[in-house]
Amino acid sequence: MNDKLAGLSQAQLDTHWMPYTGNRQFKRDPRIITAAKGCYYTSADGRQIFDGLSGLWNCGAGHNRREIAEAIKQQLITLDYAPAFQFAHPKSFELAERITHFMPAGLNRIFFTNSGSESTETSLKIARAYWRKRGLPGKTKLIGRINGYHGVNFGGISVGGIGANRSLFGPALDADHLSHTLLPENRFCQGQPQQGAHLANELLELIALHDPNNIAAVIVEPMAGSAGVLPPPEGYLQRLREICDQHQILLIFDEVITAFGRMGTASGAELFGVVPDILNTAKQLTNGNIPMGAVAVRQGIYDTFMEQGGPDYQLELAHGYTYSAHPVACAAALATISILEQENLFQRASELAYVLEETIHQLRGLALISDIRNCGLAAGLTIESAPGEPLLRPFRIAMKMWNKGFYIRYGGDTVQLGMPFISTSEEIDGLVNALAESILEVANGQ
Ligand code: PLP
């Protein structure tokens, strides 16, 4: 038996159509995880693997937190499920109120979803419906950004700007896109780039092109994660905010990666000092233990729905999921939030962010690296493409890292790092050293 297979047969492996995975390669060379604790996974072949991306940016407080497991267990044996439509359970209200303490002032109404993708769809639908309620039904167009990632559902891929996520799937929703903010003059900058605020003025061009009476919302990730950690240029988000205000356009921040600590703060909005109208979260909300997302909206938006809702037994918003505000997810989120608070993990993430910044930029000058970016406890490296094999090198680097005992993510021409908030400086050093070694090996054709 091949112990890399964790006792699975090849037929079992073949049956699961894995998401966002090169299935044919994986099934030839499986990378299976059987357990996790703190910052480490155990692989099927018995190795300890440092989690250099906190799961998929969602396990910042570390794996297998006993307090979360306990809360989940207690909830399951007390109330396993309750409908969230027309009936409710107490924890959903408790959690909604708790979440508002992490949101910018004024974003104090919370709608629950089960994922980042559902948070995107929810926010886009709220934006369109809001303008209808305000008597402006023409305001439907959505503006996203090249390189933006907002999940995989049709709304998300419409406003998203990563071609590979969209090109297979035919016509999308009515959306347009701002440029990305990756300027050559900002290469290797530490933290927020100085150049590029002017790119927000492209929104004026889109407004002139489409007419503000047709535009519902602009959606951006304050720090674009999946495209390879792209922090916003100084002043960029502020300028978007001003233009949206001037033209009655809602500003949505997709903070599925950036909310709840990854930036060293409660949100990107807090770090960058810009308040959106709607703020989407998921991932770190439950520390990856149970799927859950939450969309925070400005009270005025909620009030509009209530005021225009007709008789009070009628739905103000015909939208929601069977598992919105699932009691077990609420329990997991409440336990996660307590850990984040009690262990001061935003502060810890912001201290480690400096360590990561110092360490990762020491790789500048190494073969194949054409850019390094960092923001909060996250970093992205752009890897020069091999002729004729545009995306091979990041994959090969990530595989070398796995073999050396480090899990990192590869995506497009980048590799991405986002270690747990409970990591140590030594672990960050170890990861970055292994990354340097892996890059050199790939550069040397090994
Ligand atoms: N939005 C952003 C900014 C994300 O990074 C992601 C996932 O990485 C999503 C949305 C989609 O989240 P999910 O995979 O939970 O649907």
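This tour visits a helix pair, a helix with a buried side, and two loop residues in a predicted model.

**Stop one: helices H6 and H11**

Select residues 116-133, which form helix H6, together with residues 299-307, which form helix H11. Two packed helices are described by the angle between their axes and the distance between the axes. Here the axes come within 10 Å and cross at roughly 55°. H6 and H11 are therefore oblique to each other, and the crossing of H6 past H11 is left-handed.

Next, display the side chains at the contact. From H6, choose Ile126, Tyr130 and Lys133; from H11, choose Ile301, Thr304 and Phe305, which they meet. Colouring this contact by residue class gives four nonpolar residues, one polar and one charged.

**Stop two: helix H9**

Move to residues 236-246, helix H9, and highlight Tyr236, Leu237, Leu240, Ile243 and Cys244, which are buried. Where do they lie around the axis of H9? They are on the same side of H9, because the arc they cover around the axis is only 125°. Rotate the view to the face turned away from this buried side, and the exposed residues Asp245 and Gln246 appear there.

To see what the buried residues of H9 pack against, add four elements to the selection:

- helix H8, residues 202-210
- strand S7, residues 215-220
- strand S8, residues 250-254
- helix H10, residues 268-272

Before leaving this region, select Gln248, which follows H9 and has a positive phi, near 55°.

**Stop three: Tyr323**

Select Tyr323, in the loop between H11 and helix H12 (327-342). Is Tyr323 exposed, partly exposed or buried? Tyr323 counts as partly exposed, since 19 C-beta neighbours lie inside 10 Å, whereas a residue is called buried at 20 or more. Now add Phe112 and draw a C-alpha to C-alpha distance: Tyr323 and Phe112 are 8.7 Å apart in space, although 211 residues apart in sequence.

**Stop four: Leu366**

Finally, select Leu366, in the loop between helix H13 (345-360) and strand S11 (369-374). Leu366 is partly exposed, as it has 14 other C-beta atoms within 10 Å; the exposed class would require 12 or fewer.

Which residues is Leu366 in contact with, leaving aside its neighbours within four places in sequence? Select Ala436, Ile439 and Leu440 to display these contacts. For Ala436, the C-alpha separation from Leu366 is 7.6 Å, and the two residues are 70 residues apart along the chain.

Conventions. Residues numbered from 1 in each chain as written. Predicted model: local features only at pLDDT ≥ 70, side-chain atom pairs only at ≥ 80, totals over all residues. Axes fitted to C-alpha atoms, helices over the stretch in contact; angles between N-to-C directions. Helix = DSSP H or I, 4+ residues; strand = E, 2+ residues; numbered from the N terminus. Parallel < 35°, antiparallel > 145°, perpendicular 65-115°, else oblique. Left-handed = near helix turned anticlockwise from the far one by under 90°. Contact = placed C-beta atoms within 7 Å. Nonpolar A, V, L, I, M, F, W, Y, C, P; charged D, E, K, R; others polar. Arc of directions from axis to C-beta.
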